[in-house]
Amino acid sequence: MSVNILFFKITLILYSVSTVLYLVDVVRRKEKSGKTGKIARWILLGGFMLHCATLVARYVEAGYTPVANLHESLSFFAWTLVGIFLLFDMRYRMTVLGAFSCPLAVILMLVGSTATTAIKEMNPALDSWWFPIHVTLAFLGNAVFTVAFIAGVMYLLQERMLKSKKFSALYYRLPSLDVLDDINYKCLSIGFPLMTMGIISGAVWANSAWGGYWRWDPKETWALITWFLYAALLHGRLTVGWRGRRAAIFAIIGFLCLLFTFLGVNLLLSDLHSFKAMQGR
Amino acid sequence: MNIIVVGLSHKTAPVEIRERLAFAPTAMEKPLHELLALPTVTEGVIVSTCNRVELYACSRDTDACIGQLKRFLASFHNIPLEQLESHLYDYQGEDAIRHVFRVSSSLDSMVIGEPQILGQIKTAYGYATEFKTVGLILNRFLHKAFSVAKRVRTETDIASNAVSVSFAAVELARKIFGSLEDKKVLLIGAGEMCELAARHFLNNGASSVTVTNRTFERAVKLAEEFQGQAVPFDEFPQRLHQIDIVLTSTGAPNFILGHEKMEEVIRKRKNKPMFLIDIAVPRDIDPRVNKIDNIYLYDVDDLQGVVQANLKERHKEAKKAEVIIDQEIGQFFRWLGCLDVVPTIVSLRKKLEEIRQGELQKTFANLKNLDPKERQAIEALTSAIINKVLHQPTTVLKQAQNDSAGSDYVDAVRTLFALEPPPSDDN
C-alpha cells in the first residue's frame, strides 16, 4: 500500500472517530458543548493535518494535482469541507455544525475509498497550471456551499420547532435562527465569488487545452444552472430581503444542484469533464 | 458525634406557621447563642428563609438533642410545642446529611433548581461563624454541602432553562434573534406578566421598550418606568415594522392584530424576524399569524407549555443530582465516623504497636546472642515507653469527648499520626 493510501485510511478513521464523538456530544441536552465536543475537534484537526499530508503524498507520487479521478476528487472535497468547517468553527464554535459536517466528510471519504485508487498518466493536453487553480477554487466553493446547506438544514429544523412549539433535545444545541441565517449569508458571499472564479478559471483552462472557452458540455451547463441559482439567492438576499426559511431552502436546492454537477454529471453523463477524459487515453 | 436536623418547610407547614417560626436576619446572635447553650448541642446553625426554618446541630446524645431542639424552636417563638409538632421533621446521621445536601442543591425547593437557597444557607452559615456557634464538624459539613451544590449545578442541567413564563419568553427570543442587543420591544396594554417580561428583555440587552395603551396616560406612566417612549394606541400599528418583540395583554374582546396586518408589517421589515408574545385572554393576536414566515407567535398556553417541559426536564435532572449526593454522603459520613474518640484511641495504639513490633524485629535480628530474659526486658521496656507516651493524650481525648473541642483533638491526632488516609473532600 502506498503512503498516500495508508494516510487516507488513517484520516478516514480519525474523521469517523471525530464524527462519533460529535454526535455523542450533540445528543446531550445541553446549551454548551462538553468535553466530548472538544476532543472531537482536536481529533478532527489531527485528521485534517494528516489529510493534508495525504494530498501532498499523492501529489508527489502522481506528479499532478490529485483531483483527477473519483477517489481523488472525493478526498479533495472532504478535505476542503473539513477545512472550511474548521475555519467556521473558529468563528462560531459550534459543535453542532461539526455533528452535521463530519458525517458528510466521512461519507465522501467512504465512497472515495471504494473507487479505484490507481494513478494513471495525466492527459498532457490538460496538464497546465490552470488545472490546480480551477479545481481548488471550484472545490472550495463547493465546500462553502456545503456548509451553507448544513446551516440551511439546521435552520429548517430549528424553525420547525419554534413554529410548532415542540422542542426536541436538538433545539437546545442548535444555534439561534439569526446565527444560522448569518452563516447562510456569509457562505453565500464567500462561496459565490469562489464559484464564479472557479468557472472563469475553468474556461481559461479549457481555452488553453482545447482552444475554446465554453462548449456546453453537461458539466458546464449544470455549473451554470447552479451558478444562476446562487446568483438568484444572493440577489434576493441583497435587494428583496430574502432570508430565513426561503434562503435556507435555496441553499439546500443549490447544494443538490451542486452535488449533481459534481457527481451526477461525472457518473451518469459522459463528457469532457469525466474522469476518463482527465487521463491519457 | 452525630449531625441532627430539626425544622419545617413549605412541604410540611403552611405559611401561617412558617412565618411565626422565622428568625429575623438582623437579630441572629440571641437565638444562635441560646441554641449553643442547649446542654446536648456542641455546634449549631439556624437557617431561616420564607420557605423553611431549620436547625442544624452536632450532638453526642441524638435523641435528647432532637427533643431539645424542638422545644427550643417552640419556646423561642412562644408557640406551644403541640401546635408545632406535626409540622416538624427531624433527621439524624446519614439522613441529616442527605437532607442538607439536598436542600443546598435546591432539590427540596419549591421550584427545583432555583439557586437562592444556596445563598440563604451561606448567609445562615455566615451568622453562625460570626457568632462562633460552629466548630470543626459543621464547618466541614456546610462547606461540603456548598461544594455538593456546586457539583450538582455544574454536572447536571438542574438550573438550566427557564421555569417562569417571562424568562421562557426571553429564552425563546434568544433562539430567534441570537443576541437581544438593539432589539426593540413594544408593550401593548398593561399587565404584570407583560411588564415583567419587558423588564427581563431590557435586562438581557434589548435596546428600548415602547409602550402603548388605550389610556394614553397609563402608557406614559409605564413608559417612564422603562425609560421608553409612549405611543397613542391608534398610532402603534404604523410603527409595528420597527419593532422586533411585541408583548400584548389588552382587555380587547377581538384580535387587535390580524393576519393581513402582520403580513404587511413583515413585508415592510424585509422579512426581519418578529417575536410576538400574546399574554391576553381572550387573545389579542390572530393565531394564524404564526403561519407567516419569520413571525413567531406564542400565546400564554404556549409559554406555559415551554415552562412545563422545562420543569419536567429539571425533575429528570434531579434524579442525576440524587446520585451525586449519594456519592458525597458516603464520603462525608466516613470522615464523620472517624471523629469518634474510642476508635481513634484504638487505632492510635495499633499504629504505635505496629511501629514497636517493627523496630523490635530489626533490633533482635542484629542482636542474635540475647537470652530470653534479656529479650523480655527489652519488650517490656518498649511497651512501657509507649504506654507512658500515650497516657496523657488518651486522657485528654477521653475528657474532651464531651465538649465541642473533642472533635478537634481527634481530627488533630488523626492527622498528626496519619491514622487513616485523610478524607479529601474539600475541592
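**Exercise 1. Is A:Val56 buried or exposed, and why does it count that way?**

Before we solve it, some ground rules. This is a predicted model, where local features need pLDDT of at least 70, side-chain atom pairs count only at pLDDT 80 or more, and totals for chains, interfaces and linings use all residues. Residues are numbered from 1 along each chain as its sequence is written, chains are lettered from A and ligands numbered from 1 in the order in which they are written, and side-chain values use heavy atoms, with hydrogens and water left out.

Solution.
- Step 1: get the cut-offs. Buried means under 20% relative accessible area, exposed means over 50%, and partly exposed is in between (1.4 Å probe, protein chains only).
- Step 2: apply them. A:Val56 has 53% relative accessibility, so it counts as exposed.
- Step 3: place it. A:Val56 belongs to helix 2 (residues 35-62) of chain A. Helices (H or I, at least four residues) and strands (E, at least two) are DSSP runs, numbered from the N terminus.
- Step 4: look around. Together with A:Tyr59 and A:Val60, A:Val56 makes a nonpolar surface patch of about 310 Å². Patches use residues with over 30% relative accessible area and no salt bridge; like charges are joined within 9 Å, and nonpolar side chains (Val, Leu, Ile, Met, Phe, Trp, Tyr) within 5 Å. The areas come from the Shrake-Rupley method with a 1.4 Å probe, and for residues only the protein chains shown count as cover.

**Exercise 2. Work out how strand 8 of chain B is packed and paired.**

Solution.
- Step 1: recall the pattern. In a regular strand the side chains alternate between the two faces of the sheet.
- Step 2: check it here. In strand 8 (residues 245-248) of chain B, B:Ile245 and B:Leu247 point one way while B:Val246 and B:Thr248 point the other, and all are buried.
- Step 3: find one neighbour. Strand 5 (residues 184-188) of chain B runs parallel to strand 8, joined by 4 bridges; two strands pair if DSSP finds at least two bridges between them. B:Leu186 has B:Val246 as its bridge partner.
- Step 4: find another. Strand 9 (residues 274-278) of chain B is also parallel to strand 8, again with 4 bridges, and B:Ile277 stands opposite B:Leu247.
- Step 5: trace the connection. From strand 8 the chain passes through helix 12 (residues 259-268) of chain B to strand 9, a right-handed β-α-β crossover. Right-handed means that, with the strands pointing away from the viewer, the path from the first strand over the helix to the second runs clockwise.

**Exercise 3. Track down some unusual backbone spots in chain B.**

Solution.
- Step 1: know the norm. Most residues other than glycine have a negative phi, and most peptide bonds are trans.
- Step 2: look for a cis bond. One joins B:Val281 and B:Pro282, with omega about 0°. B:Pro282 sits in the loop between strand 9 and strand 10 (295-299) of chain B.
- Step 3: look for positive phi. B:Asn294 has a phi of about 70° although it is not a glycine, and it is found in the loop between strand 9 and strand 10. At 3% relative accessibility, B:Asn294 counts as buried.
- Step 4: try another loop. B:Lys132 has a phi near 55° and is exposed, at 66% relative accessible area.

**Exercise 4. Follow the salt bridges of chain B.**

Solution.
- Step 1: set the test. A salt bridge is a side-chain nitrogen of Lys or Arg within 4 Å of a carboxyl oxygen of Asp or Glu. The structure holds 31 of them over all chains.
- Step 2: take B:Asp108 and B:Arg52, whose closest N and O atoms are 3.0 Å apart. B:Asp108 is buried at 7%, and so is B:Arg52 at 2%.
- Step 3: take B:Glu114 and B:Arg314, at 2.9 Å, N to O. B:Glu114 lies in the loop between helix 5 and helix 6 and B:Arg314 in helix 13 (residues 300-338) of chain B, so the pair ties together parts 200 residues apart in sequence. B:Glu114 is partly exposed at 25%, whereas B:Arg314 is buried at 3%.
- Step 4: widen the view. Salt bridges that share partners join B:Lys11, B:Arg52, B:Glu54, B:Arg102, B:Asp108 and B:Glu322 into one network.
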